[in-house]
Every structure is written in structure tokens, then in C-alpha cells.
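Student: I should like to take a close look at a single part of this structure and to see how it fits into the rest. May I put my request once the structure is shown?

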Amino acid sequence: MSEEILINVSPVETRVALVDNGVLQELHVERIHRKGFVGNIYKGKVVRVLPGMQAAFVDIGLERTGFIHAQELTPELVEGEPRRTELPDIRTLVREGQTLLVQVSKDPISTKGARLTTHITLSSRYLVYMPNSPHIGVSIRIDDDKERERLRTAVESSVKEGGGRGGFIVRTVAEGIEEDAVVADIPFLQKLWQDLNDKLSAVEAPAVIYEDMPLTLRSLRDLARSPIEKIRVDSRQSWSQMREFANEYCPQLINIIECYQGERPLLDLYGVEDEIAKALDTRVALKSSGYLIIEQTEAMTTIDVNTGAFVGRRNLEETIFKTNMEAAGAIARQLRVRNIGGIIVLDFIDMQDPEHQRQVLRTLEKALEKDHAKTKITGVSELGLVEMTRKRTRESLGQMLCETCPVCRGRGEVKSAETVCYEVFREILREARAYDNEKFLVLAASVVVDRLLDEEAAYVADLEAFIGRTIEFQVEPLFNQEQYDIVLV
């Protein structure tokens, strides 16, 4: 397995691609005018409390107010403590006009403002610091019990010796790392939190207290874990910044950070640009000639698996099983590349054999283990659908790179020329009854006018005879297929 991180830096945009054996696995995009806010800490002001929703809106200085739920205002749960079934009335927790120290847990998406929490965390290379919680934990992705205990004991001992407050979670990347390197982050994070507290009293709400690092440095902190072999960046300035950061916090990465100076664009060289274009399409081809159809809506994402031209060799059940097995791995990769979050419904091809169903689910679960985002699979429903969730903290790739089509406005379809012609006929009849004019001039797209003068010519003649007025047509090149105007002459 050969994993590399490719970083393309331009004055207006930074793109980070995680590539495994030449295949794109993950893509992160940060634009200078649309930076993400996740991880940023703000001194906010409560502008509205909604008891019926157990939530409040908080002004943090962004275009839209942030949203915070009562769950995010109560003390954090300690590991092993049962989840609260009832929450106190939000009016007992906050009031309008009150200032709050909040952190963005989810970026603004579509028309929704940022999701906020008072459970503040600060991240370093190996640790996540929780200043308001005494809990010491280890990432659930570290499976080895001995390794978990080793890391937990090292952090607990260091915290007791230092006498500082707050709790820590050991990150996955700390697995196998020497204890001294892991605990070295503790005083840094505690000092950072103290500096933020000092700044808090000096500013008025709304104000930003802490901003997370740029994407180039976050990629070192969050993505550069074993077995990454190379980190290539095509900007010498960013390369220098990354080496300084690595020298300070992760010296084992210095030797694999490389400044790319080739003539061919870095992401072109690895085929990432083509993969980005494919990731904006609804159809994903499989090697077996089957395909996926991925449809995103505001509420959920649906993924449909089809055999396509794949006919198999033995029997129908075997053909379906092989297609579903290939689709399971492809789906996991597409979720990461497209950064699809929320509720996801997978419609695999129906399988009669229960063992085949279990193998497909195991393959999907195994493929999702590489995902940095938290995922949960609920199993196969009575309708044969696999339901799952994936944690969403920022916009999907499609939401970030695209906008709603001005013609269909997100429907994905436009009215046919025939339908528009019939709408024109109905509108002419309405206008003829309401006004006493000499003739009608119809302005429409060329495809509509062509149909009116050809296939619908007989009906146009009948309509003219019926209303006793002339109808003329004119192509309007700026109109889309659904647009038309009827001018009274």
C-alpha cells in the first residue's frame, strides 16, 4: 500500500488530496473567500432563545447566526455515563443578551448557520484537549487494549504531575508513538487555553477568539499518519511553513515533505483533476461494467447499485453478489471523496442468500474503517435497503464546487419543448379573453419556436381561427427552454 498526500496551493485556493496506490481517497478544498469555520472559537452573544426547540441562536460575527442546542450547553458526559434522556429547559441555561464562549462544530451549510457547542476542544498532533472536562480517553480506532492502556496511563501521569486542569483524548495517530512525544503536547495545549482566556476578557462579543490552522498545516496534523510515504506540495512558501511546523510538532514527517517543481500540474500528474470531475457526476462506473447512481438531497443521500452491462459467468445470484461486493468498496470511497454526510440510504441489488448479505455488509464496514468521519451502519432493512449515517461537519464537494442550476433550480430536469408549447397555447387563450389586441408575439427559445412552427403548426392555425387574431413567433437567444413571453401587439 502506497499512500501520498498531494497539496496544490494557489493564491485563491488550496486543495489537499489523499491518494492510495494512485487512486484518490479524500479531497479537501479551502478557498480564500470561503474558509471553513470548524474548530474556530468565538465569543458570541445570544440573540434568541427558542424553548420549543430547546435551542438558541448566537451571533458570532458571521453572515448567519449560529445554532446551539441545549445538549451542547450542559456539562460533557464522562465515558461510561448514560446518555441524558431529559434536558433542562434551555431558558435555565441561557438568556437573550448573554455572552457565550462557543466553538463551531459544523460549518454553515446551504441556508443553515453554523452549529455551535460550548464543549470546547483544542487539537494538537497527538492529543485533543478538553479544558472543561476531567476525562482522559483514547481514540476508539486504536483497537489494541495494551496500547490503549499505555497511552492512557502516560497522559494521566503527565496531567497529575503538571497539576493542570482539563481532560485529554489521545488521537489515533498517536498509536505506536513514544510516550514523551505524546505528552509533550500537554503543556502547549494548556498554555494555549490560558492565552485564549486572557484574550476573552479583552474583546466584546461577537468576536473570534481562536482560528484553526490553514489547510496545509491541518493536513500534517490530521491526515499525515502511517503509512503515508510522501507529502508533496507545489508551493515553496507552503513547503517551508510545513517543514517548520513538522520540526516543531512532528519531526518524523520532515523527511517525507517534498516540494514539487515539475512542469506538469501536481494534481494532473496523479489524475486527481479527472477524479474531481467524476465526483461531481451522479453516475459512477464500476470495473465490472456495473454502476452507482448517487443522488444528494437536503434530507439524505441515496445510492443505487446497478449491474449495467455486467452479465456474469455462472448464475444471476453470483452476478448480483459480485456487483454488490465491488459496489461496497466503491461506495465507501465515494463517500470520502465527495464528503457526503448525514443520512445515507444504500440500495444494493436484492440478494437471496443471507451469507451474501453478511459478506457485503462486512466489506462495506471494512472499507469504512479508513474514513476519518464517524460512520454508523444500521444493517439491512425489511425493504432490502442498507441505512447508515456519516458525520457531516462541512459542505460536500458538490455543495462547495457547484451551485443550483438556474434553469431547473435543482430539479435535475427541465420541461420538454412540447410542454412549454402547450403552456403558450393556454396563456394565449387567457390573454385573448382578457384583452382586445390585434395579434400576439411569442418570444421563446429556439427549440420551442421550432416546434411551434413545425409539429404544432396545425394547432397554431386552429388557435388563430378560434381567437380571430394572428400569432407570430420570435426566437429569444437569451431564454432557456422553459422561458417564454407573450407580447400583446
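Student: Does Asn21 count as buried or exposed? Please begin there, and then give a connected account of the contact of helix 11 with helix 13.

Tutor: The model is a predicted one, and your residue is a convenient place to start. Asn21 has a relative accessibility of 54%, and because exposed means over 50%, Asn21 counts as exposed. Its place is the loop between strand 2 (13-20) and strand 3 (23-31). The backbone deserves attention here as well, for phi of Asn21 is near 50 degrees, a positive value in a residue other than glycine. Most residues other than glycine have a negative phi, and most peptide bonds are trans.

Gln54 may be set beside Asn21. Phi of Gln54 is likewise a positive value in a residue other than glycine, near 50 degrees. Gln54 belongs to the loop between strand 4 (41-50) and strand 5 (55-59). With a relative accessible area of 18%, however, Gln54 is buried, because buried means under 20%. A further backbone feature is the cis peptide bond that joins Ala205 and Pro206, with omega about 0 degrees. Pro206 is part of the loop between helix 3 (185-200) and strand 13 (207-210).

Before turning to the helices, consider the setting. The protein chain has 13 helices and 24 strands. Its C-alpha atoms fill a box of roughly 95 × 70 × 55 Å along the principal axes. Of the 489 residues in the protein chain, 45% are buried. Among contacts with a separation of 6 or more, 66% are between residues 24 or more positions apart.

Now to the contact itself. Helix 11 comprises residues 417-434 and helix 13 comprises residues 457-467; their axes come within 11 Å and cross at roughly 10 degrees. Angles under 35 degrees count as roughly parallel, and helix 11 and helix 13 are therefore roughly parallel to each other. On the side of helix 11, the residues that meet helix 13 are Phe425, Ile428, Leu429 and Ala432. Their counterparts in helix 13 are Tyr459, Val460, Leu463, Phe466 and Ile467. By class, this contact has nine nonpolar residues, with no polar and no charged ones.

Two of these residues also take part in a ring pair. A search of the whole structure finds four aromatic pairs, and one of them is formed by Phe425 and Tyr459. A pair of aromatic rings is described by the distance of the centres and the angle of the planes. For Phe425 and Tyr459 the centres are 4.6 Å apart and the planes make 45 degrees, a tilted arrangement. This pair links distant parts of the chain, as Phe425 in helix 11 and Tyr459 in helix 13 are 34 residues apart. Phe425 is buried, with a relative accessible area of 4%, whereas Tyr459 is partly exposed at 40%. Ring pairs also bring in Tyr422, which forms a cluster with Phe425 and Tyr459.

A strand residue can be added to this picture. Tyr484 is found in strand 24 (residues 484-488), and its relative accessibility of 22% makes it partly exposed. Leaving aside residues up to four places away in sequence, Tyr484 touches Val420, Glu423, Val424, Glu427, Leu443, Ala444 and Phe479. Tyr484 and Asp144, by contrast, are 67 Å apart, C-alpha to C-alpha, with their positions 340 residues apart in sequence.

Elsewhere, an aromatic ring has a charged partner: the charged end of Arg283 sits over the ring of Tyr291, 3.7 Å from its centre.

Helix 4 (residues 215-223) offers a final example of burial. This helix is mostly covered, with seven of its nine residues buried. The buried residues are Leu215, Thr216, Leu217, Ser219, Leu220, Arg221 and Leu223. Asp222 lies in helix 4 too, but Asp222 is partly exposed, with a relative accessible area of 22%. Asp222 touches Arg171 and His372, not counting residues up to four places away in sequence. The C-alpha atoms of Asp222 and Tyr126 are separated by 9.3 Å, although these residues are 96 residues apart along the chain.

To return to your request, Asn21 counts as exposed, and the contact of helix 11 with helix 13 has nine nonpolar residues.

Methods: Residues are numbered from 1 along each chain as its sequence is written. This is a predicted model: local features need pLDDT of at least 70, side-chain atom pairs count only at pLDDT 80 or more; totals for chains, interfaces and linings use all residues. Side-chain values use heavy atoms; hydrogens and water are left out. Axes are lines fitted to C-alpha atoms, for helices over the stretch in contact, and angles run from 0 to 180 degrees between N-to-C directions. Helices (H or I, at least four residues) and strands (E, at least two) are DSSP runs, numbered from the N terminus. Angles under 35 degrees count as roughly parallel, over 145 as roughly antiparallel, 65 to 115 as roughly perpendicular and the rest as oblique. Contact means heavy atoms within 4.5 Å. Ala, Val, Leu, Ile, Met, Phe, Trp, Tyr, Cys and Pro count as nonpolar, Asp, Glu, Lys and Arg as charged, and the others, Gly among them, as polar. Rings of Phe, Tyr and Trp (its six-membered ring) pair if their centres lie within 6.5 Å; planes under 30 degrees apart count as stacked, over 60 as edge-to-face and the rest as tilted. Buried means under 20% relative accessible area, exposed over 50%, partly exposed in between (1.4 Å probe, protein chains only). A charge sits over a ring if NZ of Lys or CZ of Arg is within 6 Å of the ring centre and within 35 degrees of the ring normal.
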